[in-house]
Amino acid sequence: QVQLVESGGGLAQPGGSLRLSCVVSGITHNTYAIAWFRQAPGKEREGVICIDSTDGSITYAEPVKGRFAISRDNAKNTVYLHMNNLKPEDTAVYYCAVGQDYSGHYCNVWEYDVWGQGTQVTVSS
């Protein structure tokens, strides 16, 4: 069974930085779609950054473009979300997600079938 284990969430100050980690297990290849989503209270879950499994292209949500970045370490089966210049509106539960049947081209929730447990990120003074 594919499992995703997230870590790195917590409290950060506006303008600060945080790095989230997602360890992927139960899958033997690295061609799957992988992404970070977030969901704030009362809001829909939105794709933050998505990597297309077909060509490795990256999709960024407009609010995080220029501030967030994604990277992966295949040897460690880990994907990271680098968050810089954090803003209060970044406060949300962040989820790592894997898509095995779709490429993640649209960076939409329906493209992903395995989800992490979520990690809370709170940006506040």
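**Around Tyr94: core, sheet and rings**

Leaving out residues up to four places away in sequence, Tyr94 touches Glu6, Leu20, Trp36, Phe37, Arg38, Val48, Phe68, Leu81, Met83, Gly118, Thr119 and Val121, where contact means heavy atoms within 4.5 Å. The model is a predicted one, so local features need pLDDT of at least 70 and side-chain atom pairs count only at pLDDT 80 or more, while totals for chains, interfaces and linings use all residues. Residues are numbered from 1 along each chain as its sequence is written, and side-chain values use heavy atoms, with hydrogens and water left out.

Tyr94 also turns up in the largest nonpolar core, which has 29 residues; Trp36, Phe68, Met83 and Tyr94 touch the most other members. A nonpolar core here is a set of buried Ala, Val, Leu, Ile, Met, Phe, Trp, Tyr and Cys residues joined through side-chain atoms within 4.5 Å. Buried stands for under 20% relative accessible area, exposed for over 50%, and partly exposed for in between (1.4 Å probe, protein chains only). At least two residues of this core come from each of strand 3, strand 4 (33-39), strand 5 (46-51), strand 7, strand 8, strand 9 (92-99) and strand 11 (119-123). Another core, of seven residues, lies apart from it, and Ala33, Cys50, Cys107 and Tyr112 are among its members. As a general matter, nonpolar side chains tend to be buried together in soluble globular proteins.

Now for the strands, which are DSSP runs (E, at least two residues) numbered from the N terminus. Four of them make an open antiparallel sheet in the order 1-3-8-7, with two strands counted as paired if DSSP finds at least two bridges between them. Strand 1 (3-7) and strand 7 (68-73) are the edges, each pairing on one side only. Strands 7 and 8 (residues 78-83) run antiparallel and are joined by six bridges, and Arg72 stands opposite Val79 in strand 8. The loop between strand 7 and strand 8 holds Asn77, which is not a glycine yet has a positive phi near 50 degrees. Asn85 does much the same thing, with a positive phi of about 50 degrees, in the loop between strand 8 and strand 9. Both count as partly exposed, because Asn77 has a relative accessible area of 31% and Asn85 has 43%.

Over in strand 3 (residues 18-25) sits Ser21. At 13% relative accessibility, Ser21 counts as buried. Not counting neighbours within four places in sequence, Ser21 is in contact with Val5, Glu6, Ser7, Trp36, Thr78, Val79 and Tyr80.

The rings come next. The model has six aromatic pairs, taking rings of Phe, Tyr and Trp (its six-membered ring) with centres within 6.5 Å, and calling planes under 30 degrees apart stacked, over 60 edge-to-face and the rest tilted. Tyr106 and Trp110 form a tilted pair, 6.1 Å centre to centre with 35 degrees between the planes. The centres of Tyr112 and Trp115 are 6.3 Å apart and their planes stand at 65 degrees, so this pair is edge-to-face. Tyr112 is buried at 6%, whereas Trp115 is partly exposed at 26%. Ring pairs link Phe37, Tyr95, Tyr112 and Trp115 into a cluster. The charged end of Arg45 sits over the ring of Tyr95, 3.8 Å from its centre, and also over the ring of Trp115, 4.9 Å from its centre; this requires CZ of Arg (or NZ of Lys) within 6 Å of the ring centre and within 35 degrees of the ring normal.

Conventions: Helix = DSSP H or I, 4+ residues; strand = E, 2+ residues; numbered from the N terminus.
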